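Hi there,

Here is the structure I promised to pass on to you. Please open it alongside this message, and I will walk you through what turned up.

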Amino acid sequence: MSRILVTGAAGYIGSAFCKEGLERGFNIIGIDNFSNSSDQSINFLMESKQHNFTFSEVDLCKDLESLREIFVNNDINYVVHFAGFKSVIESQMHPKMYWDNNLESTKNLTRIMLEYGVKNILFSSSASVYGKSNNQPVSEACKLKPMSVYGATKEANEKFLEDLSTKGNLKTISLRYFNPVGNIQMMPVNSPRQDSKNLMDNIIDVCIGETKELNIFGDDYKTSDGTAERDFIHIQDLIDAHFESLKYFEQLNGYEVFNIGTGNSVSVKNIIKTFKEVNSIEFVVKISDRREGDVPICYADNSKAKNILKWEAKKDLREMCLDAWRPYKK
Ligand SMILES: NC(=O)c1ccc[n+]([C@@H]2O[C@H](COP(=O)([O-])OP(=O)(O)OC[C@H]3O[C@@H](n4cnc5c(N)ncnc54)[C@H](O)[C@@H]3O)[C@@H](O)[C@H]2O)c1
C-alpha cells in the first residue's frame, strides 16, 4: 500500500486525514512541530494500535536534516501538506510570522521532495485566496484577490507549486477548502492558539463556559440577514475529497486546483441558530464591529471537483453542528 507523508499531522484536519488514511490501509508518516496543536491526536493514533503509523516532531522551517532523514528512510509516494498557520485575524496581527512559516515550510518540503524524486504533493489551500469576489459562487477560474495576509500566503504557495509543477518536476493538487467544521467520531479535539480560533471554536468556547458571549463580527453586510455568509463543510466530507484527489494523481500532469465546499451559502446567524436547535443549547450572542480581512460572502462553485474528482459533500448543516458539539456532551 502507498506511503504518505502528512505534514501538520497533529492538527485539526491533518489528524482526521491520518485516522481515515490508516483505516483505508495507507502507511502514514506524520510530522508536526505542535505550534498549533498538542500531542493528543498523535497519541490517539499511536494507541489505536496502528502499525502503519509513525510520527516525528519536525519543524519544516528549521529541521531540514530531520526531514531529509525521513525521506532517506522511507519510500514516499505522496506528500499531503497541511502544515501552516491558518488564521485570517492572526495573520493581520503577525504578517511576518505568517509569511515566514507558510512559505518557508513549503519551500523546504519541496526542496527535499525534489532531492529524493518524490513527485506528488497535495496542498491545503483556502477559499481566502478569492477575497471579496462579486461572482458568487466562486469558481477556480475567478481572479484571486486575497484580502488578508493569510490568503496572500496561500496564493503565493499555489503559485510557487504551480511553477514547480509546470516544469514537470512535481505534480501538485491544491484543494481550496471552504469552512470545515464538526469532528470525526472518536478523535480527540484539537486545541488551537486563542488567536487562531474560528467561528465554531468560538461557539464551543461559549458553550463550555470558556467565554461569556459569542461575538458576531458585523451585521451590516449586504447578505440575507446582514451577517457574513460562508460555505461550511463537514470535516468528513473534506477528508474524503483528499482520497479522491490521491486517485487523480495517476491522470495528472503538472498542476490542478479544486474548490472543496458544499456550494451552500450559510449566514453566521443561521449556523448559530442551527447549532442551538440541534444541540438544545442556549448562549448569549453579541454583535461587534466587522473585522479586518473578513469578506461579506464566499461560497463554492464545486462543479469542477464533482466532474473531475467525482467527489461531492454529503453531510448537512445539522450534522456539522451535532458533530461539532458531540465530543463535549456530558
Ligand atoms: N481549518 C480551516 O478552517 C481551514 C480552511 C482552509 C484552509 N485550511 C488549511 O488547512 C491546513 C490545515 O488546517 P487545520 O485546520 O488542520 O490547522 P491546524 O492549525 O489545526 O493544523 C496545522 C498543523 O500544522 C502544524 N504546523 C504549523 N507550522 C508548522 C511547521 N513549520 N512545521 C511543522 N508543523 C507545523 C501545527 O502545529 C498544526 O498542528 C492549513 O494549511 C490551513 O491553512 C484550514
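Let me begin with a pair of residues in the strands. In β6, Ile-173 is the bridge partner of Leu-122. Please keep in mind throughout that this is a predicted model.

**Strand β6 and its neighbours**

That bridge belongs to a longer pairing: strand β5 (residues 120–126) and β6 run parallel and are joined over seven bridges. Together with helix α6 (residues 149–166), these two strands make a right-handed β-α-β unit. β6 also pairs with strand β11 (residues 255–260), again in the parallel sense, through six bridges. Within that second pairing, Leu-175 has Phe-258 in β11 as its bridge partner.

How many residues of strand β6 (residues 171–177) are buried? The count is seven of seven, so the strand is mostly covered, buried here meaning under 20% relative accessible area. In a regular strand, side chains alternate between the two faces of the sheet. In β6 both faces are covered: Lys-171, Ile-173, Leu-175 and Tyr-177 are buried on one side, and Thr-172, Ser-174 and Arg-176 are buried on the other.

Leu-175 is a good residue to click on. It sits in strand β6 and is buried, with a relative accessible area of 0%. Leaving aside neighbours within four places in sequence, Leu-175 is in contact with a list of residues that includes Leu-122, Phe-123, Ser-124, Ser-125 and Ser-126. Also among its contacts are Ala-241, His-242, Ser-245, Phe-258 and Ile-260. If you want a distance to check in your viewer, Leu-175 and Ile-76 are 20 Å apart, C-alpha to C-alpha, and 99 residues apart in sequence.

**The loop between β5 and α6**

Two things are worth a look here. Pro-137 is found in this loop, and a cis peptide bond joins Gln-136 to Pro-137, with omega at about -5 degrees. Lys-143 lies in the loop between β5 and α6 as well. Is Lys-143 buried or exposed? With 65% relative accessibility, Lys-143 counts as exposed. From Lys-143 to Ser-35 the C-alpha to C-alpha distance is 32 Å, with their positions 108 residues apart in sequence.

**Cavities**

Searching the whole structure gives two cavities of 30 Å³ or more. The second largest has a volume of about 80 Å³. Its lining includes Gly-11, Tyr-12, Ser-15, Ala-16 and Ser-41, and also takes in Asn-183, Ile-184, Met-187, Pro-188, Val-189, Asn-190 and Ile-235. Which element gives the largest share of that lining? Helix α1 (residues 12–23) does, with three residues. Sorted by class, the lining of the second largest cavity has seven nonpolar and five polar residues, and no charged ones.

Helix α1 also holds Glu-20. At 15% relative accessibility, Glu-20 counts as buried, because the cut-off is under 20%. Apart from neighbours within four places in sequence, Glu-20 is in contact with Gln-236, Ile-239, Asp-240 and Phe-243.

**Two residues with positive phi**

Phe-34 is not a glycine, yet it has a positive phi of about 60 degrees. Phe-34 is in the loop between β2 (27–32) and α2 (40–47), and is partly exposed at a relative accessible area of 21%. Met-186 is another residue other than glycine with a positive phi, near 80 degrees. You will find Met-186 in the loop between β7 (179–181) and α7 (199–207), where it counts as exposed at 68% relative accessibility.

**A three-stranded sheet**

Finally, three strands form an open sheet with mixed pairing, in the order β12-β9-β14. The edges are β12 (266–267) and β14 (297–298); each has a single partner strand, so one side of each is left without a neighbour in the sheet. Strand β9 (residues 229–230) pairs with β14 in the parallel sense over two bridges, and Arg-230 stands opposite Cys-298 in β14.

Happy browsing, and do write back with any questions.

Best wishes

Conventions. Residues are numbered from 1 along each chain as its sequence is written. This is a predicted model: local features need pLDDT of at least 70, side-chain atom pairs count only at pLDDT 80 or more; totals for chains, interfaces and linings use all residues. Side-chain values use heavy atoms; hydrogens and water are left out. On a 1 Å grid over the protein atoms alone, a cavity is a set of points where a 1.4 Å probe fits but cannot get out, and a pocket is an open set with protein on both sides within 12 Å along at least five of seven lines; lining residues have an atom within 4 Å of a point. Grid points are joined across faces, edges and corners, and a volume is the space filled by probe spheres set on the points. Helices (H or I, at least four residues) and strands (E, at least two) are DSSP runs, numbered from the N terminus. Ala, Val, Leu, Ile, Met, Phe, Trp, Tyr, Cys and Pro count as nonpolar, Asp, Glu, Lys and Arg as charged, and the others, Gly among them, as polar. Buried means under 20% relative accessible area, exposed over 50%, partly exposed in between (1.4 Å probe, protein chains only). Two strands pair if DSSP finds at least two bridges between them. A crossover is right-handed if, with the strands pointing away from the viewer, the path from the first strand over the helix to the second runs clockwise. Contact means heavy atoms within 4.5 Å.
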